[in-house]
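Colleague: I should be grateful for a close look at a single part of this protein, explained for a first-year student. Please choose one hairpin and take it as the starting point.

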Amino acid sequence: MVIELKEISIQDIDEYLKVPITLEIHRVLEVKLEDDGLKGIQLVEKELEESYIKDYDDDSDIEGLKDKFDMSNWGFFIASMEDENVGGVIIAYDTPGINMLSGRDDLAVVWDIRVHPEHRGRGIGHMLFQKAVDWSKERDCKLLKVETQNINVPACNFYVKEGCELGCIDRYAYSGDERLSHETMLIWYLELQ
Ligand SMILES: CC(C)(COP(=O)(O)OP(=O)(O)OC[C@H]1O[C@@H](n2cnc3c(N)ncnc32)[C@H](O)[C@@H]1OP(=O)(O)O)[C@@H](O)C(=O)NCCC(=O)NCCS
């Protein structure tokens with residue numbers, strides 16, 4: 001299996017978005033507070049009685065971002081196998097107005113990472129994540145940051161496997177959005193130096 005990574009620009013985002021990012025949610029990490037949080041927060045894996053499909057593209061507007069922000073500092077990569085696009089990663093960097101970047105130029109964010117459902121679990125995600133790591137190091141970043149949710153257990157396991165550590169649990173991050181209010185935001189960090 002030969003996987004090639006090619007860099008694209010935001011103009012080619014349509015090609016990128018053709019790789020599905022959907023996943024079936026069978027289990028979640030239930031967020032449990034001890035003594036209202038004074039004694040810590042636990043994430044406990046729980047099977048759902050009924051699974052459901054999550055599609056990140058329903059809630060994010062990557063195309064629309066280019067009208068609001070200067071994305072010239074961002075990295076866009078597509079993984080392909082025998083001319084089929086099987087995955088991709090987008091890295092945000094040094095862009096005023098992007099809250100996730102906290103106004104820092106020594107921090108990058110894995111904005112999006114996806115592998116086609118038929119090709120998951122074969123190391124393509126690892127390749128893409130490592131691309132994000134190398135790309136960020138080339139820009140002297142000290143930290144790589146990535147957001148996911150307690151409902152995406154495979155992604156949490158994946159980030160841990162890539163060396164990330166949990167930095168933030170925000171139970172109210174999506175509380176203003178009725179469709180997402182049951183999700184808890186988890187922010188993972190990888191120290192690069
Ligand atoms: C998360 C994702 C990008 C990982 O890509 P992948 O190609 O499946 O991952 P890899 O094959 O490189 O896996 C690397 C390691 O992560 C772990 N991992 C990956 N998928 C996993 C899963 N479903 N369950 C548990 N661990 C998993 C494995 O331990 C694996 O290590 P191994 O090679 O020793 O088995 C991919 O599953 C995906 O596209 N998911 C849907 C989109 C998504 O959730 N994006 C992130 C949004 S925050």
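Modeller: Let us begin at the turn of the hairpin formed by β4 and β5, where two residues lie between the strands and Glu-82 takes a positive phi near 45°. Please bear in mind throughout that this is a predicted model. Most residues other than glycine have a negative phi. Glu-82, with its positive phi, is therefore worth noting when one reads the backbone of this turn.

The two strands that the turn joins can be described next. Strand β4 covers residues 75–81, and it pairs with β5 in the antiparallel sense over seven bridges. One of the pairs can be named: Met-81 has Glu-84, in β5, as its bridge partner. Strand β5 itself runs over residues 84–93 and is mostly covered, since eight of its 10 residues are buried. The word buried here requires 20 or more other C-beta atoms within 10 Å of the residue's own. As a general point, side chains in a regular strand alternate between the two faces of the sheet.

Strand β5 also has a partner in β6, again in the antiparallel sense and over seven bridges. Within that pairing, Val-89 is matched with Ile-113 of β6. The loop between β5 and β6 holds Ser-102, whose phi is near 50°, a positive value in a residue other than glycine. Ser-102 is exposed, because 10 other C-beta atoms lie within 10 Å, and the limit for an exposed residue is 12 or fewer.

From β6 the description can pass to the ligand. Strand β6 (107–115), together with α3 (124–138) and α4 (153–161), supplies at least two residues each to the shell around the ligand. That shell has 20 residues, and the closest are Arg-120, Gly-125, His-126, Thr-148 and Pro-154. By class, nine of the shell residues are nonpolar, seven are polar and four are charged. Helix α4 gives the largest share, with five residues.

Helix α4 may therefore be examined a little further, given that share of the shell. Its buried residues are Cys-156, Phe-158 and Tyr-159. Viewed down the helix axis, these buried residues fall within an arc of 160°, so they line one face of α4. They pack against β2 (23–33), α3, β7 (143–149) and β9 (185–191). On the face turned away from the buried side are the exposed residues Asn-157, Val-160 and Lys-161. Just after the helix, Gly-163 takes a positive phi of about 100°.

A further positive phi is found in the loop between α3 and β7, where Asp-140 lies. Its phi is about 60°, although Asp-140 is not a glycine. Asp-140 is exposed, with 10 other C-beta atoms within 10 Å.

Finally, the hairpin may be set within the whole chain. The protein has four helices and nine strands, which follow the pattern β-α-β-β-α-β-β-β-α-β-α-β-β along the sequence. For 193 residues, a compact globule would have a radius of gyration near 16 Å, and the value of 17 Å for this protein agrees with that. The C-alpha trace spans about 50 × 35 × 30 Å along its principal axes, and 27% of the residues count as buried. Among contacts between residues at least 6 apart in sequence, 64% join residues at least 24 apart.

Key. Residues are numbered from 1 along each chain as its sequence is written. This is a predicted model: local features need pLDDT of at least 70, side-chain atom pairs count only at pLDDT 80 or more; totals for chains, interfaces and linings use all residues. The radius of gyration is taken over C-alpha atoms; the globule rule is 2.2 Å times the number of residues to the power 0.38. Two residues are in contact if their C-beta atoms, placed from the backbone, lie within 7 Å. A residue is near a molecule or strand if its C-beta atom, placed from the backbone, lies within 6 Å of it. Ala, Val, Leu, Ile, Met, Phe, Trp, Tyr, Cys and Pro count as nonpolar, Asp, Glu, Lys and Arg as charged, and the others, Gly among them, as polar. Two strands pair if DSSP finds at least two bridges between them. The arc is that of the directions from the helix axis to the C-beta atoms.
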